[in-house]
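Morning, everyone. I'd like to take you through one structure and its ligand. Have a look at it first.

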Amino acid sequence: MNPSAGHAFDQLATRVENHGPVVLPALLLCDFGHLAREVERLEEAGALALHLDIMDGRFVPQLTYGLIVVEAVRRAAKVPLEVHLMIEEPERSIADYAKAGADILTVHLEGLADPRGTLEAIAALGPKAHLAISPNTPVERAVPYLEYCDGVLVMSVEPGYGGQRFNPVALEKLAELADIRSRRGAGFHLGVDGGISTETIGPVAAAGAELIVAGSAVIRSQNYAHAISELEQLARNAA
Ligand code: DX5
Ligand code: ZN
């Protein structure tokens, strides 16, 4: 159990409500030799939450990191953490990642035997339960589960690597989800992940994205603070 997880996220949600979209820097391309320093630099640069990509070399080709690194980031970070699980049988690991400090646990619809059961299990553990859909997964496949999730993460690249090119199919999917949300008066948040840059952030924000993951656009920039504030400004102007 991690009951404080929900609370940390509520502050972020209030911020989104009052000030518009936020950028979640993804650690994937950061300097893992100086992880705590990178976390500190991102927080000093204004990051309000961080995005951690867990890849197992099976669900996606690349192998990144797991619980030990999430625990280390949790110790170093003050802001909420979104843990994006790109692993086979994620239901087996959700309790461990909740305990390690995830405030949002994001699981891929494509990898779930029982999406509703897994989303409900995440919520019972404390973190917000977010459902990710890959570029080839239509929104209609997620529709039956929207009432069980706190957020939907629309992938704008095929999960697996940082630094890929944005796939515009995400724009239609975000707009479709935003439309469903307003018609139903539902409360789920909309996120987007992959290929976000100064060119693509305006369109995703205009389509409804609020929790916007940016990896290379922040980590490969010369100045984290400048990159985050420029991206957030562009998103807020477009939202
Ligand atoms: C891709 C990951 C992303 C990645 C984003 O599988 O889910 O979170 O780190 O990196 P950019 O922003 O460079 O596409
Ligand atoms: Zn991710």
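I'll start with confidence, then go to the ligand and what surrounds it.

This is a predicted model. Mean pLDDT for the protein chain is 97. Of its residues, 98% reach 70 or more. Where is confidence lowest in the protein chain? In helix H1, residues 4–19, with a mean of 87. Strand E6, residues 151–155, is where it is highest, at 99.

Now the ligand. Ligand 1 occupies the largest cavity. There are 20 residues around ligand 1. The ones that come nearest are Gly-160, Gly-163, Asp-193, Gly-215 and Ser-216.

What is the make-up of that shell? Nine residues are nonpolar, nine are polar and two are charged.

Next, the strands. Three of them each supply at least two residues of the shell: E2 (50–55), E3 (81–86) and E8 (211–214). E2 gives the most, with three residues.

On to the polar contacts. Ser-216 again: a polar side-chain atom of Ser-216 is 2.6 Å from an oxygen atom of ligand 1. Gly-195 uses its backbone, with an N or O atom 2.8 Å from a ligand 1 oxygen. His-51 uses its side chain, where an N or O atom sits 3.3 Å from an oxygen of ligand 1.

So how much of ligand 1 does the protein bury? Taken alone, ligand 1 exposes 380 Å². The protein buries 100% of that.

That's the tour. Thanks.

Note on methods. Residues numbered from 1 in each chain as written. Chains lettered and ligands numbered in written order. Predicted model: local features only at pLDDT ≥ 70, side-chain atom pairs only at ≥ 80, totals over all residues. Heavy atoms only, no water. Near = heavy atom within 4 Å. Polar contact = N/O pair within 3.5 Å; in protein donor to acceptor, adjacent residues only side chain to side chain. Areas by Shrake-Rupley, 256 points an atom, 1.4 Å probe, with all protein chains shown as cover. 1 Å grid on protein atoms, 1.4 Å probe; cavity = no way out; pocket = protein on both sides within 12 Å on 5 of 7 lines; lining within 4 Å. Sits in = over half its atoms within 2 Å of the grid points. Helix = DSSP H or I, 4+ residues; strand = E, 2+ residues; numbered from the N terminus. Nonpolar A, V, L, I, M, F, W, Y, C, P; charged D, E, K, R; others polar. pLDDT = per-residue confidence, 0-100.
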